[in-house]
Each structure stands twice: as structure tokens, then as C-alpha cells.
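Reader: I have not met this structure before and would like to go through it with someone, one question at a time.

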Amino acid sequence: MEFIAVIIALASLVAAVGYDGYLFVLGSAASRRAGGAPIAQWVRSRWPQAGIITVASLLALLMATGSLFFEIIAIIVAVGAGGTALRGLQDARKQLGSGSDQ
């Protein structure tokens with residue numbers, strides 16, 4: 001069970017770091033462009049959520065090496081954090097693909 005919990009927690013961490021990286025690149029590009037202020041502001045509003053997701057994924061990875069109870073909790077936390085990170089990536093792509101500012 002520990003192996004499964006660790007794999008799920010690692011996948012969650014990869015999704016969270018991917019979301020963080022996407023926001024970083026997007027914010028960096030928006031701050032360098034003329035007229036990118038609305039996008040940069042939107043990215044800044046998403047950083048707290050991205051930070052919480054990353055911390056939750058790291059916490060799940062730490063809990064995955066504990067007892068059976070903590071492994072089950074780690075799987076639940078990792079699935080929630082990974083799903084939220086993927087939803088955040090999809091929302092960002094949808095928001096920016098539609099051409100609207102907010």
C-alpha cells in the first residue's frame with residue numbers, strides 16, 4: 001500500500017509543480033509584454049492556490065511513508081491536490097484561450 005501511496009503522491013507533486021511552472025512562465029511573459037498587466041494580475045491572484053496545492057502534495061508525500069492510516073489519508077490528499085492542480089491548469093488554458101481578461 002505504501003508503494004501505491006508514494007506513486008500517487010509523486011504524481012500529485014508533478015502536477016502541482018507543473019501548475020507552478022506554468023504560472024511562473026505565464027506571469028513572466030505577461031510582465032514583459034506591453035498590455036500584459038491584466039494577465040499578470042490574474043496570475044498573481046492564482047499564486048496562493050498554487051502554493052497551497054504544492055504544500056498539500058508535499059504533505060501527502062511525507063504521509064505516504066507512514067502507517068496504513070496515514071497512507072490512506074495521503075492518497076486522499078494527493079488525489080485532491082493533483083486534481084485541483086490539473087483543474088487549475090485547464091482553467092488557465094481556457095481563460096487565456098478565450099481572450100477574456102477575467
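The turns below go from the overall fold to the residues inside it.

Reader: Which pattern does the protein follow when it is read along the sequence?

Author: The model is a predicted one, and its secondary structure comes to 3 helices and 0 strands. Read from start to end, the protein therefore has helices alone to list, where a helix is a DSSP run of at least four residues. The pattern is α-α-α.

Reader: What share of the contacts with a separation of 6 or more is between residues 24 or more positions apart?

Author: The C-alpha trace spans about 55 × 20 × 15 Å along its principal axes. Contact here means heavy atoms within 4.5 Å, and Val43 gives an example, since beyond the residues up to four places away in sequence it touches Leu23, Leu26 and Gly27. For the protein, the share that comes from residues 24 or more positions apart is 73%.

Reader: Which helix gives the largest share of the largest nonpolar core?

Author: The largest nonpolar core has 12 residues in all, among them Tyr19, Trp42, Val43, Ile53 and Ala85. Two or more of its residues come from each of helix H1 (2-32), helix H2 (37-63) and helix H3 (68-97). The largest share, 5 residues, comes from H1.

Reader: How many residues make up the other core that lies apart from it?

Author: Of the 102 residues of the protein, 32% count as buried, and a nonpolar core is drawn from buried residues. Apart from the largest core lies another, which includes Ala5, Ala64, Ala74 and Ile75. The number of residues in this other core is 5.

Conventions:
Residues are numbered from 1 along each chain as its sequence is written. This is a predicted model: local features need pLDDT of at least 70, side-chain atom pairs count only at pLDDT 80 or more; totals for chains, interfaces and linings use all residues. Side-chain values use heavy atoms; hydrogens and water are left out. Buried means under 20% relative accessible area, exposed over 50%, partly exposed in between (1.4 Å probe, protein chains only). A nonpolar core is a set of buried Ala, Val, Leu, Ile, Met, Phe, Trp, Tyr and Cys residues joined through side-chain atoms within 4.5 Å.
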